[in-house]
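Biologist: I would like to learn how to read salt bridges, burial and surface patches from a structure. Could we go through them one at a time?

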Amino acid sequence: MTDLQTAARPRRPRPKVVTLTDAAAERVREIMANAGKTYVGLRVGVKNGGCAGQEYTFAYAEEVGALDEVVEDKGVTILIEPKAILFLIGSEIDYETTKLASKFVFRNPNQTDACGCGESVTIIPAKALEAD
């Protein structure tokens, strides 16, 4: 082997873009079981809107898009829209039930602000790691 050749070595697994709490995974399983149709997963994204500028989105996914980030966590499949990946890196999705509401909640380290009603947020894209 010459100095220019290197042995193939296994790549370390990439961290998941998002993780789910047990409550969120259970709720996704319930939603998918009651969907009335078979889907490949739940698509999560971010769109412009609301008083704080952006909103999290959920939709049934009929197929995996070519650039979707596929996250398998706690027995459920989450597909992250390509344009949302940098906004969601490091997020945890939870499902909370209170006396007045039941909803998915994002704990997102990239979120810098939220509106008073909690329906919209301000998110900055995660910064790329700088090489030393």
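Modeller: Let us begin with one pair of charged side chains, keeping in mind that this is a predicted model. K47 forms a salt bridge with E55, and their closest N and O atoms are 3.7 Å apart.

Biologist: How many salt bridges does a search of the whole structure find?

Modeller: The search finds 10 salt bridges. A pair counts when a side-chain nitrogen of Lys or Arg is within 4 Å of a carboxyl oxygen of Asp or Glu, and another case is R107 with D94, whose side chains meet at 2.9 Å, N to O.

Biologist: Which strands hold R107 and D94?

Modeller: R107 is in strand β7, residues 102-107, while D94 is in strand β6, residues 91-97, so that the pair links distant parts of the chain, 13 residues apart.

Biologist: Is D94 buried or exposed, and how should I read R107 beside it?

Modeller: The general idea is that a residue is called buried under 20% relative accessible area and exposed over 50%, with partly exposed in between. D94 therefore counts as buried, at 10% relative accessibility, whereas R107, with a relative accessible area of 36%, is partly exposed.

Biologist: Which residue in strand β6 also meets R107 in a salt bridge?

Modeller: That residue is E96, whose side chain meets that of R107 at 3.1 Å, N to O. Because E96 lies in strand β6 and R107 in strand β7, this pair ties together parts that are 11 residues apart in sequence. E96 counts as partly exposed, since its relative accessibility is 31%. Salt bridges that share partners join E92, D94, E96 and R107 into one network.

Biologist: Let us turn to a residue without such a pair in our discussion: where does I78 lie, and is I78 buried or exposed?

Modeller: I78 lies in strand β5, residues 76-80, and counts as buried because its relative accessibility is 1%. To see what surrounds I78, we leave aside its neighbours within four places in sequence, and then find it in contact with V18, L20, L42, V44, E69, V70 and V71.

Biologist: Which residues make the nonpolar surface patch?

Modeller: V40, V64 and V70 make this patch, which covers about 210 Å². V40 lies in the loop between α1 (22-33) and β2 (41-48), and counts as partly exposed because its relative accessibility is 38%. V70 thus has two roles in our reading, for it belongs to the patch and is also in contact with I78.

How values were computed. Residues are numbered from 1 along each chain as its sequence is written. This is a predicted model: local features need pLDDT of at least 70, side-chain atom pairs count only at pLDDT 80 or more; totals for chains, interfaces and linings use all residues. Side-chain values use heavy atoms; hydrogens and water are left out. Patches are made of residues with over 30% relative accessible area and no salt bridge: like charges are joined within 9 Å, nonpolar side chains (Val, Leu, Ile, Met, Phe, Trp, Tyr) within 5 Å. Accessible areas come from the Shrake-Rupley method with a 1.4 Å probe; for residues, only the protein chains shown count as cover. Helices (H or I, at least four residues) and strands (E, at least two) are DSSP runs, numbered from the N terminus. Buried means under 20% relative accessible area, exposed over 50%, partly exposed in between (1.4 Å probe, protein chains only). Contact means heavy atoms within 4.5 Å.
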